[in-house]
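Trainee: Please choose one part of this protein and take me through it slowly. I would like to see how it fits with what lies around it.

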Amino acid sequence: MTKEKVVLAYSGGLDTSIMIRWLIDTYNLDVIAMCANLGQQDELAGLEEKALNSGAIKCYVEDLE
């Protein structure tokens with residue numbers, strides 16, 4: 001049986017990074033982090049690594065500029 005998955009709107013901040021771990025621990029979910037690139041390129045450096053280190057199984061950064 002596979003785990004249920006949830007997509008989290010991820011900013012890379014403390015609150016959404018903690019939310020990844022909370023969703024995993026509280027609901028036993030696989031978390032996929034998603035961040036929308038709206039032109040804040042400098043803030044996106046290391047975002048994927050941070051999400052994965054927080055427990056996300058995948059991280060998508062979509063260019064919506």
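Mentor: Let us start with strand S2, residues 30-37, which is mostly covered: six of its eight residues are buried. Buried here means under 20% relative accessible area, while exposed means over 50% and partly exposed covers what lies in between, using a 1.4 Å probe and protein chains only. Helices (H or I, at least four residues) and strands (E, at least two) are DSSP runs, numbered from the N terminus. Keep in mind that this is a predicted model, in which local features need pLDDT of at least 70 and side-chain atom pairs count only at pLDDT 80 or more, whereas totals for chains, interfaces and linings use all residues. Residues are numbered from 1 along each chain as its sequence is written, and side-chain values use heavy atoms, with hydrogens and water left out.

What does S2 pair with? Its partner is strand S1, residues 5-9, and the two run in the parallel sense over five bridges. DSSP must find at least two bridges before two strands count as paired. You can look for one of these links yourself: Leu-8 has Ala-33 of S2 as its bridge partner. As background, side chains in a regular strand alternate between the two faces of the sheet.

Now step back to the loop that leads into S2. Asn-28 sits in that loop, between H1 and S2. At 48% relative accessibility, this residue counts as partly exposed. Asn-28 also has a positive phi of about 55°, although it is not a glycine. Most residues other than glycine have a negative phi.

S2 also helps to cover a helix. The buried residues of helix H2, which spans residues 47-54, are Leu-47, Ala-51 and Ser-54. They cover an arc of only 65° around the axis, so they lie on the same side of H2; the arc is that of the directions from the helix axis to the C-beta atoms. What covers these buried residues includes helix H1 (14-27), strand S2 and strand S3 (58-63). The face of H2 turned away from that buried side carries the exposed residues Glu-49 and Asn-53. Glu-49 has a relative accessibility of 55%, and its C-alpha atom is 9.8 Å from that of Gly-12, 37 residues apart in sequence. Just after H2, Gly-55 takes a positive phi of about 120°.

A little further along, in the loop between H2 and S3, you find Ile-57. This residue is partly exposed, with a relative accessible area of 39%. Leaving aside residues up to four places away in sequence, Ile-57 touches Lys-5, Asp-30, Val-31, Ile-32 and Leu-52; such a contact means heavy atoms within 4.5 Å. The C-alpha atoms of Ile-57 and Ala-33 are separated by 8.0 Å, with their positions 24 residues apart along the chain.

Helix H1 deserves a look too. Thr-16 is found there and counts as buried at 12% relative accessibility. Its side chain reaches the backbone nitrogen of Gly-12 at 3.4 Å. A polar contact like this is a pair of N or O atoms within 3.5 Å; within protein, one must be able to donate a hydrogen and the other to accept it, and residues adjacent in sequence count only if both atoms are side-chain atoms. Not counting residues up to four places away in sequence, Thr-16 touches Leu-8, Ala-9, Tyr-10 and Ser-11.

Ser-17, also in H1, is buried with a relative accessible area of 11%. The side chain of Ser-17 reaches the backbone oxygen of Gly-13 at 2.9 Å. Beyond residues up to four places away in sequence, Ser-17 touches Tyr-10, Gly-12, Lys-50 and Ser-54.

Finally, place S2 in the whole chain. The pattern along the sequence is β-α-β-α-β, with two helices and three strands. Of the 65 residues, 32% are buried. Among contacts with a separation of 6 or more, 69% come from residues 24 or more positions apart.
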